[in-house]
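Welcome! Please take a look at the structure below, and then let us walk through some of its features together.

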Amino acid sequence: MTRVAGWRFLRVAVLFSVLPACAPAVANLACTAGQGRAMEPEELDESSGAAWSRLDPAVLWTVNDDPDGTLFALDTMGVEVGRFPTDGGRRLRDVEAMASGLCEEEWCLYIGDTGDNGESRNTVAIHRVREPDPASESVELEREAFRIRYPDGPQDVEAMFIVPGRGLYLVGKGRSKAPTVYRYPGEFTSDSTVTMERVQALGTGRRSRRDMVTGATWVPGTDRVLIRTYSELEAYRFVGDRLQPVPDGVLSLGPLQEPQGEAVAADETGRVVLTTEAGPFRDRSALHVLRCEVSDEEEDG
């Protein structure tokens, strides 16, 4: 197997190197997991979104499920590199997602204030800030807000990803019906509330709690998307405008023993980071950085 800059697909054996009791399994999703790390900032007890920095590949961005929208820059050991408060004129309600993407000629971080446990919010919002140098002096970042609604009513949404040339996507949690994929249509606008475009449902019905969707990420340089739940990591690929499951592309996250798995972010080198809330027996959020093998072979069939 070879490692290439652009992943063609994720390939087999599930090898949790720090968890020897987990036996290898044949599948189209193959990763090794390093030791889980507690996130250093005491305030970071509910990491709900994650994105790799585009300015410093050694840094991970994460955001707390907190009304002030502070961004934390961490290294892969969970140590704080920088902290940046944000302000957009209003407090956030339920931050549950994060993604990185271009805006004009700069890299931006997108924050999804899209959580809705009661599925009662008629409108929610995606916020955008310019990505700062993680090691620079802390300054307050200005948030732009893009208000959205869903064509089929309020949804609890905790997963967001951005694909260049395709746009920004949200994935429903699956609380009351099958997880549904939505796309932001056209250019971002702050002048009005935009109705998201429904792309597809993933499955036919609501999910059990352990299988609810809590995060998603595009794998840079590929047509692959990883969607995480509380218990698994699921691999999909774009076929036309829709997502199709990758055969045998499901990885159990049980061996990681996450209290409450929340976010996932991938980069072009094969790193996949998973974050979790603190849970009842931890004071802080935690992260695992997985290393996924990459092959330039085509899938069979």
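Seven bridges join strand E21, residues 232-239, to strand E22, and the two strands run antiparallel. A good place to begin is this pair, in what is a predicted model. One bridge to look for starts at Leu 233, whose partner in E22 is Leu 251. Between E21 and E22 there are two residues, and the two strands form a hairpin. Gly 240 lies in the turn of this hairpin and has a positive phi of about 65°.

The hairpin belongs to a wider arrangement. E21 and E22 are part of an open sheet of four strands, in the order E19-E20-E21-E22, with antiparallel pairing. At its edges are strand E19 (213-218) and strand E22 (242-252), each of which pairs on one side only. From one strand to the next, the twist averages 25°. As background, strands of a sheet pair through backbone hydrogen bonds, and the pairing can be parallel or antiparallel.

While you are looking at E22, find Asp 248, which is placed in this strand. Asp 248 is not a glycine, and yet it has a positive phi of about 55°. Is Asp 248 buried or exposed? Its relative accessible area is 56%, so Asp 248 is exposed, as the cut-off is over 50%.

Now let us move to another sheet. Here an open sheet of four strands follows the order E4-E5-E6-E7, again with antiparallel pairing. Its edge strands are E4 (47-52) and E7 (80-84), and each of these pairs on one side only. The twist in this sheet averages 25° from one strand to the next. Strand E6, residues 71-74, is joined to E7 by four bridges, and these two strands run antiparallel. In one of the pairings, Ala 73 has Gly 82 in E7 as its bridge partner.

Strand E5 (residues 60-64) holds a residue worth a visit, Asn 64. With a relative accessible area of 7%, Asn 64 is buried. What does the side chain of Asn 64 meet on the backbone? A polar atom of this side chain lies 2.7 Å from the backbone oxygen of Glu 43. A polar atom of the Asn 64 side chain also lies 2.9 Å from the backbone nitrogen of Glu 46.

Next comes a link between two cysteines. How many disulfides does the model have? The count comes to one disulfide. Cys 103 and Cys 108 form it, with their sulfur atoms 1.7 Å apart. In general terms, a disulfide is a covalent bond between the sulfur atoms of two cysteines. The torsion about the S-S bond of Cys 103 and Cys 108 is about 50°, so this disulfide is right-handed. Cys 103 is buried, with a relative accessible area of 3%, and Cys 108 also counts as buried, at 0% relative accessibility.

Glu 104 lies in the loop between strand E9 (97-103) and strand E10 (106-113). Although Glu 104 is not a glycine, its phi is positive, at about 60°. At 67% relative accessibility, Glu 104 counts as exposed.

Aromatic rings offer another thread to follow. The model has a count of seven aromatic pairs. Ring pairs link Tyr 110, Phe 146, Tyr 184 and Phe 188 into a cluster. Such pairs are described by the distance of the ring centres and the angle of the planes.

Some rings also have a charged partner, and the table lists two such arrangements.

| Charged residue | Ring | Distance from the ring centre |
|---|---|---|
| Arg 209 | Tyr 230 | 4.3 Å |
| Arg 271 | Trp 52 | 3.8 Å |

In these arrangements, the charged end of Arg 209 sits over the ring of Tyr 230, while Arg 271 lies over the face of Trp 52.

To retrace the route, you could return to the hairpin of E21 and E22, pass to the sheet E4-E5-E6-E7, and finish at the disulfide of Cys 103 and Cys 108.

Technical notes. Residues are numbered from 1 along each chain as its sequence is written. This is a predicted model: local features need pLDDT of at least 70, side-chain atom pairs count only at pLDDT 80 or more; totals for chains, interfaces and linings use all residues. Side-chain values use heavy atoms; hydrogens and water are left out. Two strands pair if DSSP finds at least two bridges between them. Axes are lines fitted to C-alpha atoms, for helices over the stretch in contact, and angles run from 0 to 180 degrees between N-to-C directions. A disulfide is a pair of cysteine sulfur atoms within 2.5 Å. Buried means under 20% relative accessible area, exposed over 50%, partly exposed in between (1.4 Å probe, protein chains only). Rings of Phe, Tyr and Trp (its six-membered ring) pair if their centres lie within 6.5 Å; planes under 30 degrees apart count as stacked, over 60 as edge-to-face and the rest as tilted. A charge sits over a ring if NZ of Lys or CZ of Arg is within 6 Å of the ring centre and within 35 degrees of the ring normal. A polar contact is a pair of N or O atoms within 3.5 Å; within protein, one must be able to donate a hydrogen and the other to accept it, and residues adjacent in sequence count only if both atoms are side-chain atoms.
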